[in-house]
Amino acid sequence: MNDAERVSRAEQMVEKSRPTRRLPLAEAGAWIERVAHSEDVDPPIVVRRTMPRRLLGVALMDSHVIVVRHARPSQLTLLHELTHCIGHADHGPSFQKRLIELVARHVSAEHGDVLRAALTV
């Protein structure tokens, strides 16, 4: 299993056991802006577009945009794409570490722990 598959599987486990909030698009944009400012990174713009079913979101790193498939994306999807926007192009160990940190700080420590455990399975 490659890193992207591992991260996807772990995120599914988190959402199944401890679902993160699903935010209306305007609230999602405002929330990710607050998160980005607190992390001292430029906030990306959040937009909704039609996407393949296998994708929940995509980070357009060059244009600093997070594209989501659902009108109410989850906090976990938004943080996943923010992690890409702040410089982690792949899903390797540095991406995973940063995502766990963001989830623990901006969702809950418990969610961060569940994600960490899911990534080590």
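1. Before anything else, one term: two strands count as paired if DSSP finds at least two bridges between them. With that in hand, S1 and S3 run parallel and are joined by four bridges. Keep in mind throughout that this is a predicted model.

2. Let's start with the sheet. You're looking at an open sheet of three strands in the order S1-S3-S2, and its pairing is mixed. S1 and S2 are the edge strands, each pairing on one side only. Going from one strand to the next, the twist averages 20°.

3. On the parallel side, two bridge pairs are handy to pull up on screen. Ile45 has Val65 as its bridge partner in S3. Val47 has Val67 as its partner, again in S3.

4. Now the other pairing. S2 and S3 run antiparallel, and four bridges join them. One place to look is Gly57, which stands opposite Val68 in S3. These two strands form a hairpin with four residues between them.

5. How is S3 covered on its two faces? Val65 and Val67 are buried on one side, and Ile66 and Val68 are buried on the other, so both faces are covered, with buried meaning under 20% relative accessible area. S2 is another story: Gly57 and Ala59 make up a covered face, while Val58 and Leu60 sit on an uncovered one. If you're colouring the strands by burial, put S2 (57-60) and S3 (65-68) side by side.

6. What packs on the sheet? H2 does, touching S1 and S3, and its direction makes about 160° with that of S1. H3 lies across S1, S2 and S3, and runs at about 145° to S3.

7. Two loop residues deserve a look at their backbone. Asp40 is not a glycine, yet its phi is positive, near 60°. You'll find Asp40 in the loop between helix H2 (25-38) and strand S1 (45-48). Is Asp40 buried or exposed? Its relative accessible area is 72%, and exposed means over 50%, so Asp40 is exposed.

8. The other one is His64, also a non-glycine residue, with a positive phi of about 60°. His64 lies in the loop between strand S2 and strand S3. That puts the positive phi of His64 in the hairpin of S2 and S3.

9. Last, the largest pocket, which holds about 520 Å³ of space. Which residues come closest to its centre? They are Ser8, Glu11, Leu56, His80 and Glu81, out of 22 residues in the lining. Helix H1 (3-17), S2 and helix H3 (75-85) are the elements that give two or more residues to that lining. H1 gives the most, with six residues.

10. As for the chemistry of that lining, the residues of the largest pocket divide into eight nonpolar, eight polar and six charged. Two elements come up twice in this note: S2 and H3 both give residues to the pocket lining, S2 is an edge strand of the sheet, and H3 lies across the three strands S1, S2 and S3.

Definitions and conventions: Residues are numbered from 1 along each chain as its sequence is written. This is a predicted model: local features need pLDDT of at least 70, side-chain atom pairs count only at pLDDT 80 or more; totals for chains, interfaces and linings use all residues. Side-chain values use heavy atoms; hydrogens and water are left out. Buried means under 20% relative accessible area, exposed over 50%, partly exposed in between (1.4 Å probe, protein chains only). On a 1 Å grid over the protein atoms alone, a cavity is a set of points where a 1.4 Å probe fits but cannot get out, and a pocket is an open set with protein on both sides within 12 Å along at least five of seven lines; lining residues have an atom within 4 Å of a point. Grid points are joined across faces, edges and corners, and a volume is the space filled by probe spheres set on the points. Ala, Val, Leu, Ile, Met, Phe, Trp, Tyr, Cys and Pro count as nonpolar, Asp, Glu, Lys and Arg as charged, and the others, Gly among them, as polar. Axes are lines fitted to C-alpha atoms, for helices over the stretch in contact, and angles run from 0 to 180 degrees between N-to-C directions. Contact means heavy atoms within 4.5 Å.
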